Structures are given as structure tokens and as C-alpha cells.
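Biologist: Before we begin, could you show me the chain and its fold, so that we can go through them together step by step?

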Amino acid sequence: MDYSAAPLAEPPFSSSPHSPLRVVLDSNVWIDILVFDDPTTRPILAAPEARTLEALIDRRCLGELTRVLDYPQLVRFAVNKTAALATVARLSTFVTPDTPEPAPPLPKCKDRDDQKFLELAHAAHAAWLVSKDRAVLKLAKRIARDFAFRIAEPRPFVLAVEPHLSVPAQAARDS
């Protein structure tokens, strides 16, 4: 199955070429950035510092990331949880989105734990949700068709928005 970015009639970029691209990153993408230093995610890491990407996070998504950082399978990586969360705080914008029920309602993700990422992306008017979760990625075409944001894995996301990010995406091509 192809989990590249689903097409939209209009590109989901910021209204102004100088405003940062509003993006929600799921916990797996944050872990790739914070723990694994995945080359595919390096342009995503660099973009908030260059002010070309605004990584959006809310209380629920931050709570999940905080729990994930405590997973036993990450112990061997000696993650400094305080430093990791400080990096998230530095690189992201904490939002408290209004959560009125959209019409039509968002599709329900088979993995209920990931519904919060869809809801945040929609409520915060994000252009993208970057995820590695198959249940979320399977909704990409429907979300692109019916809602104002796209869903993609890190590599297709970086390649799709590379001109907007103004940061090298060579790492995404090479990995």
C-alpha cells in the first residue's frame, strides 16, 4: 500500500509564503527526532529552528509523547526525558484548539489512541499531519478529500514541502 502523501486540489501550504507551515507530528515522528536521530526527520527538526515549520502540540498529544518516552523498549537508548521534552517545548507551539464537532465529522481512526492527532490537526488548522502509524496513514486520501489537511509519512512529507521548508531534504532522499 502506498503511504505517500494523498493529493489535494490545492497545496496545503501557509497562506503567506513567509508564514511557517503548520504541522502536527505524531509521537512516532517525535521519537525518531528525539531518540533515534533518524536522517529522514532531520529536515523536520531543522525547520522549526528556521521558522519555516510550526510544529503544533496540545495537552493530549504531549501527554502521549511523555508516556511513550517511558516505554521499556527505549530504556537502552538512555533517553534524557527532561531534555527531550525541553526540545519539544522549544521546537513546538503548544495550542489549545477549539474542538467543535466538524461537519462532516472526522473519520474514526482504528487505533483510538491516534484519533487525538487527527483532531488536533483539524482543530488547529494544520496543513499536515506527519505520522508513521498505518491506521492514520490509511485515512490520508479521505482526509485530503474532505478536510483541509494532508497526512504523510516523514519522507514523503519532507519531499512534498521541501521548497517551503527552505532546509535541505537531502537526508530524506538518502535514507
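Biologist: In what sense do strand E1 and strand E4 pair, and over how many bridges?

Modeller: Please keep in mind that this is a predicted model. Strand E1 covers residues 21-25 and strand E4 covers residues 128-130, and Leu25 stands opposite Val130 in E4. The two strands pair in the parallel sense, over 3 bridges.

Biologist: Which strands are the edge strands of the open sheet?

Modeller: The open sheet has 5 strands with parallel pairing, in the order E3-E2-E1-E4-E5. The twist from one strand to the next averages 35°. An edge strand is recognised here by pairing on one side only, and that description fits strand E3 (92-94) and strand E5 (150-152).

Biologist: Which helix lies across E2 and E3, and which strands does helix H8 touch?

Modeller: The helix lying across strand E2 (53-57) and E3 is H4, residues 81-91, which runs at about 80° to E3. Helix H8, residues 154-165, packs on the sheet with a direction that makes about 135° with that of E4. The strands touched by H8 are E1, E2, E4 and E5.

Biologist: How do H3 and helix H5 pack, and what is the handedness of their crossing?

Modeller: Two packed helices are described by the angle between their axes and the distance between the axes. For H3 and helix H5 (residues 115-123), the angle is about 145° and the axes are 9 Å apart. The crossing of H3 and H5 is left-handed.

Biologist: Which residues make that contact, and how many of them are nonpolar, polar and charged?

Modeller: From H3 the contact is made by Arg60, Cys61 and Glu64, while H5 brings Lys116, Phe117, Glu119 and Leu120. Sorted by class, the contact of H3 with H5 has 3 nonpolar, no polar and 4 charged residues.

Biologist: Is Glu64 buried or exposed?

Modeller: Glu64 has its place in helix H3, residues 59-68. Leaving aside residues up to four places away in sequence, Glu64 touches Ser27, Asp113, Asp114, Lys116 and Phe117. Its relative accessible area is 12%, and since the limit for this class is under 20%, Glu64 counts as buried.

Biologist: Are Cys61 and Cys109 buried or exposed, and how many disulfides are counted?

Modeller: Cys61 counts as buried because its relative accessibility is 2%, and Cys109 counts as buried because its relative accessibility is 6%. A disulfide would need a pair of cysteine sulfur atoms within 2.5 Å, and by this rule the count of disulfides is 0.

Terms used. Residues are numbered from 1 along each chain as its sequence is written. This is a predicted model: local features need pLDDT of at least 70, side-chain atom pairs count only at pLDDT 80 or more; totals for chains, interfaces and linings use all residues. Side-chain values use heavy atoms; hydrogens and water are left out. Buried means under 20% relative accessible area, exposed over 50%, partly exposed in between (1.4 Å probe, protein chains only). Helices (H or I, at least four residues) and strands (E, at least two) are DSSP runs, numbered from the N terminus. Contact means heavy atoms within 4.5 Å. Axes are lines fitted to C-alpha atoms, for helices over the stretch in contact, and angles run from 0 to 180 degrees between N-to-C directions. A crossing is left-handed if the near helix is turned anticlockwise from the far one by less than a right angle, and right-handed if clockwise. Ala, Val, Leu, Ile, Met, Phe, Trp, Tyr, Cys and Pro count as nonpolar, Asp, Glu, Lys and Arg as charged, and the others, Gly among them, as polar. Two strands pair if DSSP finds at least two bridges between them.
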